[in-house]
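The following note is offered for your consideration alongside the sequence and the model. Its points concern residue classes, an internal cavity, the domains and the cysteines.

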Amino acid sequence: MRITLRQLEIFAEVLKSGSTTQASQQLSLSQSAVSASLTDLEGQLGVQLFDRVGKRLVTNEHGRLLYPKALALLEQTGEVEQLFKLEMGALRLAASSTIGNYMLPEMLAKYRKDYPDTPLELHISNTEDVIKSVAEFRVDLAFIEGLCHNPDLITQPWLKDELIVFAAPESPLVRSNLVLEDLIKAPWILREKGSGTREVLDHILFSQMPRFNIAMELGNSEAIKHAVQYGMGISCLSRRVVREQLKNGTLVELVIPGLHLYRTLYLIYHRQKHMSNALQKLLSYCQ
């Protein structure tokens, strides 16, 4: 068997782009050269990697099995090529909203100070989308607030995070001796379904309440903070997210005796992902 790295590169590009035409443009090759390479690779493996549906190529079970292995080999080859060069390939990260907006910037700033020439990408979205991007190899690793149930991904505990309930300074709840019943009656402003914060709240807070009143669902923490500031309801977010507002008095923490809300934040990456030296070095700054 004489499978070449070039054949694997062509196969991976055809899978990503969905056609030999687009793959040939990306790789600056003729379409016939791309098709010939793919046919030769399939011949050596003794299987078809794509189902031919008209003029379209649809990845089958053999192609899906080969893809992560091919990516790992290509990435390791890239490491070999970069061993004696200063520039490294781009590191691709993803993070759910709270982590990406309020935690990683400080950590990545320290990394950037020591490695200013390493390209670095950070994509921020809700936990559901982040998990999908890792599963599809669109990013190298990710940090999430919720749980990950995808069996193809490795999930590791990363950091502990405290969640707090808060309101506007003018809220009557601020001057009350709060009990859980007050939270049941209050209008809540929450993150949308699919966000890590919402999933955790459903699990550790709202599971203790027989009912609760959702006044509004919003797609990001900044919008929630502003809505609460204007007296539209109460909410619960990471202490890190509202630290500045608590300090300047535009938001007030609501303390309920006996209620302590903590969650675990997680690091995730694909089970077949090659963890390069560059990625491991980056992780040492994200602790």
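1. For the classes used in this note, Ala, Val, Leu, Ile, Met, Phe, Trp, Tyr, Cys and Pro count as nonpolar, Asp, Glu, Lys and Arg as charged, and the others, Gly among them, as polar. By that scheme, the lining of the largest cavity holds 4 nonpolar, 2 polar and 2 charged residues.

2. The model is predicted, with local features requiring pLDDT of at least 70 and side-chain atom pairs pLDDT 80 or more, while totals for chains, interfaces and linings use all residues. Residues are numbered from 1 along each chain as its sequence is written, and side-chain values use heavy atoms, with hydrogens and water left out.

3. The whole structure contains 1 cavity of 30 Å³ or more. A cavity is a set of points, on a 1 Å grid over the protein atoms alone, where a 1.4 Å probe fits but cannot get out; lining residues have an atom within 4 Å of a point. The largest cavity encloses about 40 Å³, a volume being the space filled by probe spheres set on the points, which are joined across faces, edges and corners. Its lining consists of Pro68, Leu71, Ala72, Glu75, Phe137, Gln272, Lys273 and His274.

4. The chain is assigned domain 1 (5–85), domain 2 (91–158 + 265–285) and domain 3 (160–264); such bounds come from an automatic or database domain assignment. Domain 1 and domain 2 each contribute at least three residues to the lining of the largest cavity.

5. The C-alpha centres of domain 2 and domain 3 are 27 Å apart. Their contact (heavy atoms within 4.5 Å) takes 15 residues from domain 2 and 17 residues from domain 3. About 1,300 Å² is buried between these two domains, with carbon and sulfur atoms giving 51%; buried area is the accessible area (1.4 Å probe) lost by two parts on being put together, summed over both. On the domain 2 side, Tyr102, Glu145 and Leu265 supply 43% of the area buried against domain 3, more than any other three residues.

6. Why are there 0 disulfides in the whole structure? A disulfide requires a pair of cysteine sulfur atoms within 2.5 Å. The sulfur of Cys148 lies 18 Å from its closest cysteine sulfur, in Cys286, and is therefore too far for a bond. Both residues are buried (under 20% relative accessible area, 1.4 Å probe, protein chains only): Cys148 has a relative accessible area of 15%, and Cys286 has 0%.

Key:
Buried means under 20% relative accessible area, exposed over 50%, partly exposed in between (1.4 Å probe, protein chains only). On a 1 Å grid over the protein atoms alone, a cavity is a set of points where a 1.4 Å probe fits but cannot get out, and a pocket is an open set with protein on both sides within 12 Å along at least five of seven lines; lining residues have an atom within 4 Å of a point.
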